[in-house]
Amino acid sequence: MFGLFSIRPRAIGSSGLFNQIRKASSKRWQARQQKDQFTREAAVQGLKSRAAFKLLQVAVSRTQPNGRVLGVDIIPAQPPKGVSTIQGNFLAPEIQEYIQDFLRNPNRGRPRQPGAIDDASSSLLEPADVAEADAARPDDAKMERTVDVVLSDMSAPWYQTSGFWKRSLSNPYHRMMNTSGNNFRDHAGSMDLCNAALQFSSKVLKAGGHFVCKFYQGAEDKELEKQLKDMFQRVHRLKPESSRSVRLVHIPQNSTDHRLNKRN
Ligand SMILES: C[S@@+](CC[C@H](N)C(=O)[O-])C[C@H]1O[C@@H](n2cnc3c(N)ncnc32)[C@H](O)[C@@H]1O
């Protein structure tokens, strides 16, 4: 866990002791952030936050020049250059449909000619190049599986407890905390999000694609791992050095053993 105390909205501001505990916790968190080499490195490299160090901006640099990166978040977040974003609840079916619509249009999220409108003629790439870049096999294109990597580090946002003065979109982490402090609750929430991401991957991931998700450990993670092993050829469970306590599952798919494709 991230070392935050469990803070329930009803208790906020209602007790002096509670406020003292919260301030002490926040000071400890700030001190640890300052010491954290990844936080410092992210700042040195001009990355938006410790989390961003691990993900979005790295994703952009890894997919240049022809890739596209789409971020989805329930809170408004200003995307780094080169990233498209959708604000919405990933657990809502209509948001997933909206994301699929975005993916279906190979020109969305790609550089546009100055003055061009967002239609099939607006891409810098020829339509044939785009189709080739997006689909590993004709089957994938037919099934609308055009995604190489699904990466989820979603964790349930909890109620705002501080930083009410901060009104910019550029750093929502000042306003939201990402764990409740209650291990069971964090684990259950992260399992829901991982399962939703996995289900979504089965619709959009092309053969040979990868699925990576972050989760909080707990009773249900074995079941998630079992599902992953059923669906993918290889499953790795790891805790990167840059992560304080959260585990990642990294699942490279092999195009010769894409069981998701075999089922369809
Ligand atoms: C650890 S942060 C990830 C930050 C992001 N990867 C980045 O690089 O800036 C977890 C994020 O998951 C988002 N999240 C939690 N539940 C969500 C949901 N149901 N739908 C979409 N996003 C969600 C939170 O708002 C939070 O920003």
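Helix H8 is a good place to start, and its length can be checked against simple geometry: at 1.5 Å a residue, its 22 residues should span 32 Å, and the end C-alpha atoms are 31 Å apart, which agrees. The expected span here is 1.5 Å times one less than the number of residues. Helices (H or I, at least four residues) and strands (E, at least two) are DSSP runs, numbered from the N terminus. Keep in mind that this is a predicted model, in which local features need pLDDT of at least 70 and side-chain atom pairs count only at pLDDT 80 or more, while totals for chains, interfaces and linings use all residues. Residues are numbered from 1 along each chain as its sequence is written.

Let's look at what surrounds H8. Its buried residues are Asp 186, Gly 189, Ser 190, Cys 194, Ala 197, Leu 198 and Ser 201. A residue is buried if 20 or more other C-beta atoms lie within 10 Å of its own, exposed if 12 or fewer, and partly exposed in between, with C-beta atoms placed from the backbone. The cover over these residues includes strand E3 (147-152), strand E4 (205-215) and helix H9.

Two neighbours in H8 show this burial in detail. Ser 190 counts as buried because 28 other C-beta atoms lie within 10 Å. Leaving aside neighbours within four places in sequence, Ser 190 is in contact with Ser 155, Phe 215 and Tyr 216; contact means that the C-beta atoms of two residues, placed from the backbone, lie within 7 Å. Gly 189 is buried too, with 21 other C-beta atoms within 10 Å. Not counting residues up to four places away in sequence, Gly 189 touches Ser 155 and Ala 156.

Next comes the partner helix. H8 (residues 183-204) and H9 (residues 221-231) pack at an angle of about 10°, with their axes 11 Å apart. That makes H8 roughly parallel to H9, a label for angles under 35 degrees, whereas over 145 counts as roughly antiparallel, 65 to 115 as roughly perpendicular and the rest as oblique. The axes are lines fitted to C-alpha atoms, for helices over the stretch in contact, and the angles run from 0 to 180 degrees between N-to-C directions. H8 brings Met 191, Cys 194, Asn 195, Leu 198 and Ser 202 to the contact, and H9 brings Leu 224, Gln 227 and Met 231.

Some of H8 also belongs to the largest nonpolar core, which has 11 residues: Val 147, Cys 194, Ala 197, Leu 198, Leu 205, Phe 211, Cys 213, Phe 215, Tyr 216, Leu 228 and Phe 232. Such a core is a set of buried Ala, Val, Leu, Ile, Met, Phe, Trp, Tyr and Cys residues joined through C-beta atoms within 7 Å. H8 and E4 each supply at least two of its residues, and E4 gives the most, with four. A second, separate core of five residues includes Leu 55, Leu 56, Ala 59 and Val 69.

Two features lie elsewhere in the chain. A cis peptide bond, with omega about 5°, joins Gln 64 and Pro 65, and Pro 65 sits in the loop between helix H4 (56-63) and strand E1 (69-73). Asp 101, in helix H5 (residues 93-104), is exposed, with 11 other C-beta atoms within 10 Å.

Stepping back, the protein has 10 helices and six strands. Of its 264 residues, 19% count as buried.
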